[in-house]
Amino acid sequence: MSAINQSGWRPTAPQQGGNAAPTFTGNKALMLEEPLIFEIGDNHTTGVEVAPPVTATSRLGGLARTAAIDLPGLSEPETVRHYTRLSRQNYAIDLGLFPLGSCTMKHNPRLNEKMARLPGFADLHPLQPIDTVQGALEVIQQLAHWLVTLTGMHSVAMSPKAGAHGELCGILAIKAALEKRGEGHRKVILVPESAHGTNPATAAFAGFAVEDIPATADGRVDTAALKARLGPDIAGVMITNPNTCGLFERDLRTISEAVHAAGGYVYCDGANFNAIVGRVRPGDLGVDAMHINLHKTFSTPHGGGGPGSGPVVFSERLTPFAPLPFVEKRGDHFALVEEETAQDHHADSFGRMTAFHGQMGMFTRALTYILSHGADGLRQVAEDAVLNANYVLRSLSDVLDAPFAASGPCMHEAIFSDKGFAEGFSTIDVAKALIDEGFHPMTMYFPLVVHGAMLVEPTETESKATLDQFIGALRSVAERALAGDETLRTAPHFAPRSRLDETLAARKPVLVWKAPETTAEAAE
Amino acid sequence: MRYLPLTQPDRAAMLAAIGASSIDDLFVDVPEAIRLDGPIAGLPGHASELAVERHMTALARKNMSAGDGPFFLGCGAYRHHVPASVDHIIQRGEFLTAYTPYQPEIAQGTLQMLFEFQTQVARLLGTDVANASMYDGSTACWEAIGMARRITRRGKAILSGGLHPHYVSVARTMAKYTGDALDVAVPALTAETDLEALIAKIDGDTSCVVVQYPDILGRIADLRPLADACHAQKALLIAVVTEPVALGAIKSPGEMDADIVVGEGQSIGVGLQFGGPYVGLFGCKDKYVRQMPGRLTGETVDADGRRGFVLTLSTREQHIRREKATSNICTNSGLCALAFSIHMTLLGEAGLRALAAANHAGAVAAAERLAKVPGVRLVNETFFNEFTLDLGREARPIVRALADKGILAGVSLGRLYPDEAGLANGLVIAVTETTTAEDVETLAQALEEVLA
């Protein structure tokens with residue numbers, strides 16, 4: 001007598017125990033393996049329909065492509081499924097805390113995405129007549145106004161494509177200014193040893209010699225050493241503030257005065273501006289040039305590694321050397337100053353860094369974000385970012401070594417070392433175990449001045465509940481590292497992949513897919 | 001503030017846990033004299049979604065967008081139809097809100113996509129390998145010149161007059177600081193490219209010749225003789241492709257033995273976006289891979305023997321090499337590379353070839369129609385989807401006049417070469433699958449009126 005089953009309903013009931021057999025597909029329920037498009041597509045399949053061409057003679061000059069290109073296609077449903085499956089093998093801010101130090105992985109508001117896609121912004125050609133793009137130029141001008149005002153600087157170059165491109169922009173302006181003064185012999189840029197690797201790479205690219213400045217034991221630039229090195233060969237300094245140890249460079253103003261007195265310029269790496277926006281203006285610290293990563297402080301998405309956007313704010317004395325093009329407001333009209341018009345009133349510009357006008361799609365997103373927060377909200381951003389970082393620092397400093405805990409409050413990021421870990425255990429083991437806990441790891445082994453550095457930047461968009469869970473997880477993992485728990489060495493255990501062989505990848509680089517050799521070819 | 005989850009009780013509890021009496025305690029290291037004690041004056045306060053949307057929409061409405069009427073602009077940025085699924089997929093949070101794949105165990109989605117992208121780009125350009133993308137075509141072009149310097153240990157680069165003037169401008173800026181000598185030229189309003197002149201300039205000091213294919217006026221020339229001439233002097237041939245859809249119809253530069261091929265990938269998947277963000281394509285011969293700039297993704301295996309992908313050859317890069325790095329670049333254009341790759345997967349070889357054929361046929365028909373406008377001469381003998389008209393008088397005011405009629409008529413060479421009187425009459429017209437026969441007819445008739 002089972003009236004209930006006449007509907008076909010079979011209630012499941014939990015069963016205890018039992019081991020899983022390997023699956024036929026290699027999939028594990030929601031964890032789905034996905035082949036490469038080259039293994040599932042072919043040269044005849046397409047997911048688009050193109051109207052057949054009108055008959056016409058070829059004007060290709062005898063260069064028609066005859067050999068196969070070998071680009072596999074997929075139908076639309078297969079395409080959507082391929083990329084959706086791939087996406088599920090990624091960690092992302094939308095899934096959880098992503099505390100990569102110096103990367104400012106904050107929430108990306110979707111209003112930004114919606115605004116960037118308005119046809120009036122997204123469907124504009126960069127070479128349209130200026131009268132037809134007044135709204136776009138106004139966006140650039142409004143964003144420029146915010147950036148200049150928030151930083152207390154004199155002007156801004158909007159075109160650099162990313163942070164490192166912005167650094168190059170600042171350094172080239174310094175070089176142009178020195179040459180204009182007839183002091184092109186100043187060849188040395190001083191860079192603290194805790195700097196991002198892009199700083200020395202940029203200075204070297206621009207033809208400068210790079211010299212390291214040591215740090216003091218408290219994690220800041222050694223001001224005395226820096227001042228002692230100043231002289232007639234110094235072009236300038238590149239300083240990150242807040243620095244990569246998560247500390248505010250208290251002496252930056254004094255340093256700027258000394259560098260200026262010695263005839264040099266101060267470049268500030270603004271990667272960490274999130275910690276101070278609305279609380280301090282870099283212009284008040286004597287900075288001459290600073291790039292702003294719109295993809296950090298102003299929440300444009302990181303997109304798996306770009307696109308970024310790196311506008312550079314300038315002091316009055318570097319402004320004449322800023323790159324082309326830029327937007328200028330003339331009455332009610334917005335003008336684009338390019339090579340042509342620059343000859344009249346911007347003749348000292350060091351030139352153009354990129355085709356067209358910069359990362360417009362990032363400008364619309366950043367302006368949307370800035371308007372959403374307003375001046376009051378941006379100040380709150382810095383306060384909450386700093387509060388969250390200090391909360392992490394103080395909540396874990398009993399279990400993890402915090403080398404600069406005595407140096408005062410941290411800014412936007414907390415730094416720990418691997419001191420005290422059991423023999424043979426290192427930061428990477430902690431990082432990989434955090435993956436199993438459902439978090440993206442912190443920045444590892446950077447900055448170089450801290451042994452086994454773990455740099456944690458929670459950002460302001462994390463709730464206290466999330467932070468408490470993260471703190472609990474990192475505490476638990478740290479305790480295992482201190483105790484020498486062998487299972488840490490093989491973490492992660494629950495990710496789509498276990499640790500990957502990076503040495504093999506570099507020794508025998510396989511950078512493009514090649515069809516496996518057929519048996520016949522292999523036998524030859 | 002809707003993007004800040006901390007509540008006042010949270011903040012109070014956290015300050016107490018830290019042992020701070022107020023948030024100001026956490027900013028004690030900022031010298032007192034420069035601490036801001038409140039929101040910066042003169043800037044507005046926070047605003048609702050609705051209010052911000054209103055503000056931005058009003059700004060967007062002040063623009064005339066490409067879809068508002070007949071549209072013919074190209075010269076390094078092209079309007080193509082992007083399938084709806086491309087934009088849908090790139091907005092999945094797992095792609096949109098991920099970072100550079102530094103932790104490969106939880107970034108296989110991005111890494112596999114980049115490996116697929118690299119393979120697609122290499123096949124399209126005809127190179128052995130390609131990187132995971134650059135900022136855009138213009139910066140990729142400059143990076144290629146720097147790479148040729150490192151490989152040949154020579155400092156003289158010869159740039160074709162057919163190279164996009166913004167790309168030339170970027171190279172000029174950079175060369176001032178690296179000390180490279182650049183031999184530059186401007187194009188002439190002729191059917192022939194400057195290939196022969198370039199060949200004549202190559203000597204034992206030449207690091208590379210940079211040539212655009214199709215060039216800024218839309219002309220196409222066989223690169224093989226130029227490649228041979230370069231190689232005879234142990235110089236490299238760098239080919240620049242600003243319209244990758246063309247490579248669905250014409251031979252790839254790699255097939256003609258170019259050593260480095262760079263490009264602007266915007267045409268496929270990315271959209272116009274007023275000039276950025278775009279996606280730089282960068283491919284080269286296998287033997288030069290260790291001198292290549294930018295990120296690279298490689299195949300490997302994990303501890304359990306399963307295939308996986310990682311960022312590789314990073315000993316070329318700034319975070320390891322610092323001042324000895326091959327480039328200071330730290331990001332690529334990941335999300336635009338994803339858009340490119342999805343669109344290319346939807347197209348496949350069959351779709352790309354069909355798209356290219358439609359573009360070419362439309363351009364041929366348009367060129368024939370426009371050449372019939374009295375006073376107008378078609379400059380090109382060869383072209384793909386873009387060609388140059390000589391209007392017999394200055395083109396820039398004509399373009400403005402046509403914009404007033406609701407037609408975005410193309411790029412006047414006066415806009416790109418303001419100092420070159422000999423180019424002032426040139427108008428570059430691009431025709432893609434988004435251009436209808438009616439659009440062409442509208443342009444032809446309006447041009448007749450304005451030129452009359």
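I began with a term: a crossing of two helices is left-handed if the near helix is turned anticlockwise from the far one by less than a right angle, and right-handed if clockwise. The model I am reading is predicted, so I kept in mind that local features need pLDDT of at least 70 and side-chain atom pairs pLDDT 80 or more, while totals for chains, interfaces and linings use all residues. Residues are numbered from 1 along each chain as its sequence is written, and chains are lettered from A in the order in which they are written.

**Helix pair.** I looked up H5(B), residues 108–125, and H11(B), residues 334–370, where helices are DSSP runs (H or I) of at least four residues and strands are E runs of at least two, numbered from the N terminus. Their axes come within 9 Å and cross at roughly 65 degrees, the axes being lines fitted to C-alpha atoms over the stretch in contact and the angles running from 0 to 180 degrees between N-to-C directions. I noted the crossing as left-handed. Among the residues in contact (C-beta atoms, placed from the backbone, within 7 Å) are Phe117(B) of H5(B) and Phe340(B) of H11(B).

**Domains.** Next I read the domain assignment, automatic or from a database, which gives chain B domain 1 (66–81 + 349–451) and domain 2 (84–343). I found their C-alpha centres 27 Å apart, with 32 residues of domain 1 and 26 of domain 2 in the contact. On the domain 1 side, helix H11 and strands E11 (386–390) and E13 (426–430) of chain B each supply at least two residues, and H11(B) gives the largest share, seven residues.

Terms used: Contact = placed C-beta atoms within 7 Å.
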